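Good morning, colleagues. Please have the sequence and the structure before you as I speak.

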Amino acid sequence: MALRGRDGTCWGVCDLLRGRGPGFNDDEVELLAGVLRDIGDGMRATLLRQAPRVLPAVSGGPAVAIVGADNQFESVTPAVLDRFERLGWSPDGPGRVSPAIAAALRLRNSGADCIVLRTRSPDGEWVVVRAGRLDGRGPAARVVVTLERAQLPEIVSLVAAARGLTPRETAVLEQVLAGRTCEEIGRRLYISPYTVQDHLKSIFAKTGVNSRRSLVAQLVYTEYLPRVGSEVGPDGWFAGSRAEAARGHSRMSFRETEGSHRAREVG
């Protein structure tokens with residue numbers, strides 16, 4: 001099921017499986033369809049929640065997987081298996097498609113040479129998934145998939161979408177995060193400084209802050225500060241002093257994704 005909000009954006013997907021017996025009937029499908037939008041809006045509203053737990057740091061080395069023409073793994077690195085587990089998937093788990101194979105299928109269906117997707121782990125960390133063709137362009141092409149931690153500039157569009165910012169407000173937000181003044185933003189976007197101020201007022205209202213400093217602090221707090229004080233791992237990110245305690249927590253069944261119709265982003 002695609003979980004689309006009232007804005008028409010897909011904010012997540014859900015696999016619903018039934019055991020032995022009859023399949024889903026029309027009434028059940030209709031019932032599920034009637035709540036998808038509410039669930040999508042709920043996932044949109046929780047997009048920027050504070051990370052409830054911090055999982056162990058990713059093991060050393062690059063997180064890379066090679067997917068063969070049969071959609072099976074030809075090779076994987078230990079780091080990518082660790083990433084899969086943090087995204088709620090493991091080889092021994094239920095029959096959900098792994099993130100790497102899902103990315104490979106999306107790449108083949110798009111007809112592009114490479115795509116970039118973004119998804120979020122249950123502990124609140126954004127992950128960038130890159131998929132590219134190793135050989136050929138047909139359905140039998142092998143695909144190399146890499147997973148890496150997303151940086152703040154790579155999730156600005158998601159933050160903006162979650163807060164309901166318009167495209168112009170999103171452009172202004174990007175300029176604010178770059179540290180530019182209203183005059184500089186106006187010159188870059190070909191609008192007056194007064195218009196920039198109007199956009200900033202709207203952004204402040206939608207994000208619940210009252211200044212540039214508070215806006216930047218809110219974004220940094222959401223993605224970075226919950227981990228401040230934790231040990232820094234070998235990849236330069238916070239390992240998390242509470243990692244061992246968090247291992248016992250259950251994983252989310254809904255997989256949060258970015259909603260987009262563009263081939264380079266998850267849809």
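Let me begin with a definition: a residue is called buried when its relative accessible area is under 20%, exposed when that area is over 50%, and partly exposed in between, with a 1.4 Å probe and protein chains only. What we have is a predicted model, in which local features need pLDDT of at least 70 and side-chain atom pairs count only at pLDDT 80 or more, while totals for chains, interfaces and linings use all residues. Residues are numbered from 1 along each chain as its sequence is written, and side-chain values use heavy atoms, with hydrogens and water left out. Helices (H or I, at least four residues) and strands (E, at least two) are DSSP runs, numbered from the N terminus.

I turn to the aromatic residues. Rings of Phe, Tyr and Trp (its six-membered ring) pair if their centres lie within 6.5 Å; planes under 30 degrees apart count as stacked, over 60 as edge-to-face, and the rest as tilted. Three aromatic pairs are found in a search of the whole structure. In one of them, phenylalanine 73 and phenylalanine 84 are stacked, because their ring centres are 5.8 Å apart and their planes lie at 25°. Phenylalanine 73 belongs to strand S4 and phenylalanine 84 to helix H3 (residues 78–86), so this pair ties together parts that are eleven residues apart in sequence. Is phenylalanine 84 buried or exposed? Phenylalanine 84 counts as buried, because its relative accessibility is 0%. Phenylalanine 84 also pairs with tryptophan 89; the centres are 5.4 Å apart and the planes at 90°, so this pair is edge-to-face. Tryptophan 89 is buried at 13%, whereas phenylalanine 73 is partly exposed at 29%. Phe73, Phe84 and Trp89 form one aromatic cluster.

Next, the strands. In general, the side chains of a regular strand alternate between the two faces of the sheet. Which side chains of strand S7 (residues 143–149) point to the buried face? Those of Val143, Val145, Leu147 and Arg149 do, while Val144, Thr146 and Glu148 point to the other face and are not buried. Two strands are said to pair if DSSP finds at least two bridges between them. S3 and S7 run antiparallel and are joined by four bridges; valine 64 has threonine 146 in S7 as its bridge partner. Strand S6 (residues 126–133) is also antiparallel to S7, with seven bridges joining the two, and glycine 132 is partnered there with valine 144 of S7.

Helix H8 deserves a closer look. Its 15 residues should span 21 Å at 1.5 Å a residue, and its end C-alpha atoms are indeed 21 Å apart; the expected span is 1.5 Å times one less than the number of residues. The buried residues of H8 are Val196, His199, Leu200, Ile203, Phe204 and Thr207. Seen down the helix axis, they fall within an arc of 140°, so they line one face of H8; the arc is that of the directions from the axis to the C-beta atoms. Tyr194, Lys201 and Ala205 are exposed on the other side of H8. Just after H8, glycine 208 has a positive phi of about 75°.

I come now to the salt bridges, each defined as a side-chain nitrogen of Lys or Arg within 4 Å of a carboxyl oxygen of Asp or Glu. By this rule there are six. One of them involves H8: glutamate 169 and lysine 206 meet at 2.9 Å, N to O. Glutamate 169 lies in helix H6 (residues 167–177) and lysine 206 in helix H8, so the pair ties together parts that are 37 residues apart in sequence. Glutamate 169 is buried at 4%, and lysine 206 is partly exposed at 32%. Another salt bridge joins aspartate 41 and arginine 6, with the closest N and O atoms 2.1 Å apart. Aspartate 41 is in helix H2 (residues 36–45) and arginine 6 in the loop between strand S1 (2–4) and strand S2 (10–13), 35 residues apart. Arg6, Asp38 and Asp41 are linked in a network of salt bridges.

Finally, the backbone. Most residues other than glycine have a negative phi. Asparagine 71, however, has a positive phi of about 60° and sits in the loop between strand S3 (64–67) and strand S4 (73–76). Tyrosine 190 also has a positive phi, near 60°; tyrosine 190 is exposed at 76%.
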